[in-house]
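Thanks for coming. I'll take a few minutes on one structure, starting with the charged pairs and then moving to the strands.

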Amino acid sequence: MHFGPYCQGRGGRQVMQERTPRLIVQGGAEKGKEIPLTQELLSIGRSDDNDIVIGDRLASRRHAQLEREKGQWVISDLGSRNGTFVNGQRISDGYVLRDGDEVQIGLEFKALYFDPEATGALVSEALVRGRGLWVDRETREVWVQGRKLTPAVSKAQFRLLALLQEKPGRVYSRDEIVEVVWPGNAVNGVSDETIDALVGRLRRRIAAADPDHRYIVTVRGHGFKFVQPWHE
């Protein structure tokens, strides 16, 4: 599987914007590859002149297409022999993709559609990306590298992580952390040792799921910030 010049995954020639809808490959050597949907029309098939080329004998030379219509992405089968499937169902007419839909063509190509503008897309981001760290503020779940942390983190740990993760790269002072994590205790004060202990426990929980990246970074003399792997 490979992509045309206007359909590069992360690391390709075209830099993908964080708010761009995309397909995220779910299996094989290209697992985790992100295909930004930046054109109005993308062709999919076995022929090398497609935008998304699938090296699968079950894929037709011109198999399917993705087209942006009125702000939505529509996938259509182009009369292929073996069909185009969304969420396990073969489609005939154009199908409007929704955040989290799974697209499959042949045996090789399986990808999830991610729409960052969709309601609740933060959860989908964790499931779809299969990398990085994401939080669901409604269910108080934490996802690391596509896996949910179990058992759940403590209430204080979640408040801290949700605060830092909301704006990656922003440095939060200790006073700001106290106001969010221990509301009502700012007057009495929370010691630096208490904050450091909380950060340490949370780091250890995260490291058990992803030992290769430090998500919470200490900025000496200023506070703490959150960094995703691709923001380093």
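**Salt bridges and one sheet**

By the distance rule used here, the count comes to 7 salt bridges. Keep in mind that this is a predicted model. As background, side chains of opposite charge can pair when their charged atoms come close.

I'll go through three of the pairs. E34 forms a salt bridge with R22, and the closest N and O atoms are 3.9 Å apart. E34 sits in strand β3 and R22 in strand β2, so this pair ties together parts that are 12 residues apart in sequence. Are these two residues buried or exposed? Both E34 and R22 are buried.

Next is E141, which forms a salt bridge with K148, with 3.5 Å between the closest N and O atoms. E141 counts as partly exposed because its relative accessibility is 23%. K148 has a relative accessibility of 39%, so K148 counts as partly exposed too.

The third pair is D192 with R174, where the closest N and O atoms are 3.8 Å apart. D192 lies in helix α4, residues 192-209, and R174 in helix α3, residues 174-181, so the salt bridge ties together parts that are 18 residues apart in sequence. D192 is partly exposed, at 41% relative accessibility. R174 is partly exposed as well, with a relative accessible area of 25%. Which residues do salt bridges with shared partners join into one network here? They are R174, D192 and D196.

Now to the strands. There is an open sheet of 6 strands, in the order β3-β2-β12-β11-β8-β9, and the pairing is antiparallel. Its edge strands are β3, at 34-36, and β9, at 89-90, each of which pairs on one side only. So that you can place the first salt bridge again: E34 is in β3 and R22 is in β2.

I'll walk inward from β2. Strand β2, residues 22-25, pairs with β12 in the antiparallel sense over 4 bridges. Within that pairing, L23 has Y113 in β12 as its bridge partner. Strand β12 covers residues 109-114, and 4 bridges join β12 to β11, again antiparallel. Here V103 stands opposite A111. Strands β11 and β12 form a hairpin with 3 residues between them, and in the turn G106 has a positive phi of about 65°.

What are the two faces of β11 like? This strand, residues 102-105, has V103 and I105 on a covered face, while E102 and Q104 are on an uncovered one. In general, side chains in a regular strand alternate between the two faces of the sheet.

On the other side of β11 is β8, residues 84-86, paired with β11 in the antiparallel sense over 3 bridges. F85 in this pairing stands opposite Q104 in β11.

I'll finish on one residue of β8, namely T84. T84 has a relative accessibility of 0%, so T84 counts as buried. Which side chain makes a polar contact with that of T84? It is H63, at 3.3 Å. Leaving aside residues up to four places away in sequence, T84 touches H63, A64, I75, D77, Q89, R90, I91, Q104 and I105. Two of these names have come up already: Q104 is on the uncovered face of β11, and I105 is on the covered one.

Notes:
Residues numbered from 1 in each chain as written. Predicted model: local features only at pLDDT ≥ 70, side-chain atom pairs only at ≥ 80, totals over all residues. Heavy atoms only, no water. Buried < 20%, exposed > 50% of the residue type's maximum accessible area, 1.4 Å probe, protein only. Pairing = 2+ DSSP bridges. Salt bridge = Lys/Arg side-chain N within 4 Å of Asp/Glu carboxyl O. Polar contact = N/O pair within 3.5 Å; in protein donor to acceptor, adjacent residues only side chain to side chain. Contact = heavy atoms within 4.5 Å.
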